[in-house]
Amino acid sequence: MRVAVAADHAGFPLKRLAIDAVTAAGHTPIDLGTDSTDPVDYPDTARAVCEALRRGDVERGVIVCGSGAGVAVAACKFPGIRAVVAHETYTAHQCVEHDDVNVICLGGRVIGPALVAEIIPAFLRASFTGEERHVRRVGKILAIEREFSADHK
């Protein structure tokens with residue numbers, strides 16, 4: 001699987017570890033920046049990953065900012081993107097299994113290297129169960145997205 005990995009300046013110190021975790025899990029990381037701790041705007045970081053997903057260049061995304069929250073909020077504004085903050089392994093796999101999440105967001109100021117090495121593989125190993133109740137719930141999320149999208153008006 002191809003996995004987009006990006007970070008803002010606050011997440012940059014963990015970006016290399018995220019890339020290494022993707023590789024160690026047997027997947028291909030696509031580095032979408034940033035390349036230093038020079039300030040950048042986290043919505044731009046989220047945009048890079050989401051656009052790669054929407055184009056079909058990658059199958060999943062990993063975004064790191066200071067808390068994980070900012071990039072998750074920004075990512076969820078893109079149609080077809082379901083992003084969550086996960087700072088432990090249960091959420092990292094359960095969000096894919098039940099909610100068909102395609103972007104995981106991590107807080108570079110919240111978690112350390114050991115958790116990155118556990119969370120990312122849990123996220124990448126997981127797959128959507130396709131159970132009826134989960135399909136129904138994701139369908140409702142997609143309906144909300146369509147209802148409020150600019151394309152719908």
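**Figure 1. Overall view of the predicted chain, with its dimensions and its order of elements.** A compact globule of 153 residues would be expected to have a radius of gyration near 15 Å, and the chain has 15 Å, which agrees with that expectation. The model shown here and in the views that follow is predicted. Taken along the principal axes, the box filled by the C-alpha atoms is roughly 40 × 30 × 25 Å. The chain contains 6 helices and 5 strands, and these follow one another along the sequence in the pattern β-α-β-α-β-α-β-α-β-α-α. Of the contacts with a separation of 6 or more, 68% are between residues 24 or more positions apart.

**Figure 2. Surface and charges of the chain.** Of the 153 residues, 42% count as buried. The area that the chain exposes is about 7600 Å², and 54% of this area is supplied by carbon and sulfur atoms. There are 17 positive and 20 negative charges, and the mean positions of the two sets are 5 Å apart.

**Figure 3. Close-up of Arg 2 in strand 1.** Arg 2 is found in strand 1, which covers residues 2–7, and with a relative accessibility of 34% Arg 2 counts as partly exposed. When neighbours within four places in sequence are left aside, Arg 2 is in contact with Thr 28 and Ile 30, and also with Gly 56, Asp 57, Val 58, Glu 59 and Arg 60. Leu 32 lies 30 residues from Arg 2 along the chain, and the C-alpha atoms of these two residues are separated by 12 Å.

**Figure 4. Close-up of the loop between strand 2 and helix 2, with a cis peptide bond and Ser 36.** The loop runs between strand 2 (28–31) and helix 2 (42–55), and Ser 36 lies in it. Thr 34 also has its place in the loop between strand 2 and helix 2, and the peptide bond that leads from Gly 33 to Thr 34 is cis, with omega near -10°. Ser 36 has a relative accessible area of 23% and is therefore partly exposed, given that buried means under 20%. Not counting residues up to four places away in sequence, Ser 36 touches His 9 and Phe 12. The C-alpha atoms of Ser 36 and Gly 11 are separated by 9.6 Å, while the two residues are 25 residues apart along the chain.

**Figure 5. Close-up of the cysteines Cys 65, Cys 76 and Cys 105.** The structure holds 0 disulfides. For Cys 65, the closest cysteine sulfur is that of Cys 105, at 7.2 Å, which is too far for a bond, since a disulfide requires a pair of cysteine sulfur atoms within 2.5 Å. The sulfur of Cys 76 likewise has its closest cysteine sulfur in Cys 105, at 7.1 Å, and this too is too far for a bond. Cys 65 counts as buried, with a relative accessibility of 4%, whereas Cys 76, at 37%, counts as partly exposed.

**Figure 6. Close-up of Ala 75 in helix 3.** Ala 75 has its place in helix 3, which covers residues 69–75, and with a relative accessible area of 0% this alanine is buried. Apart from neighbours within four places in sequence, its contacts are Ala 46, Cys 50, Ile 63, Ile 81 and Ala 83. Ala 46 and Ala 75 are 29 residues apart along the chain, yet their C-alpha atoms are separated by 5.3 Å.

**Figure 7. Close-up of Asp 100 in the loop between helix 4 and strand 5.** The loop that holds Asp 100 runs between helix 4 (89–99) and strand 5 (103–107). Although Asp 100 is not a glycine, this residue has a positive phi of about 55°. Its relative accessible area is 28%, so that Asp 100 is partly exposed.

**Figure 8. Close-up of Ile 120 in helix 5.** Helix 5 covers residues 113–125 and includes Ile 120, which counts as buried at 0% relative accessibility. Leaving aside neighbours within four places in sequence, Ile 120 is in contact with Ala 18, Ala 21 and Val 22, as well as with Val 62 and Leu 106. From C-alpha to C-alpha, Ile 120 and Leu 106 are 9.5 Å apart in space, with their positions 14 residues apart in sequence given as the separation.

Definitions and conventions:
Residues are numbered from 1 along each chain as its sequence is written. This is a predicted model: local features need pLDDT of at least 70, side-chain atom pairs count only at pLDDT 80 or more; totals for chains, interfaces and linings use all residues. Side-chain values use heavy atoms; hydrogens and water are left out. Helices (H or I, at least four residues) and strands (E, at least two) are DSSP runs, numbered from the N terminus. The radius of gyration is taken over C-alpha atoms; the globule rule is 2.2 Å times the number of residues to the power 0.38. Buried means under 20% relative accessible area, exposed over 50%, partly exposed in between (1.4 Å probe, protein chains only). Contact means heavy atoms within 4.5 Å. Accessible areas come from the Shrake-Rupley method with a 1.4 Å probe; for residues, only the protein chains shown count as cover. Lys and Arg count as positive and Asp and Glu as negative; His and the chain ends are not counted. The place of a charge is taken as NZ of Lys, CZ of Arg, CG of Asp or CD of Glu.
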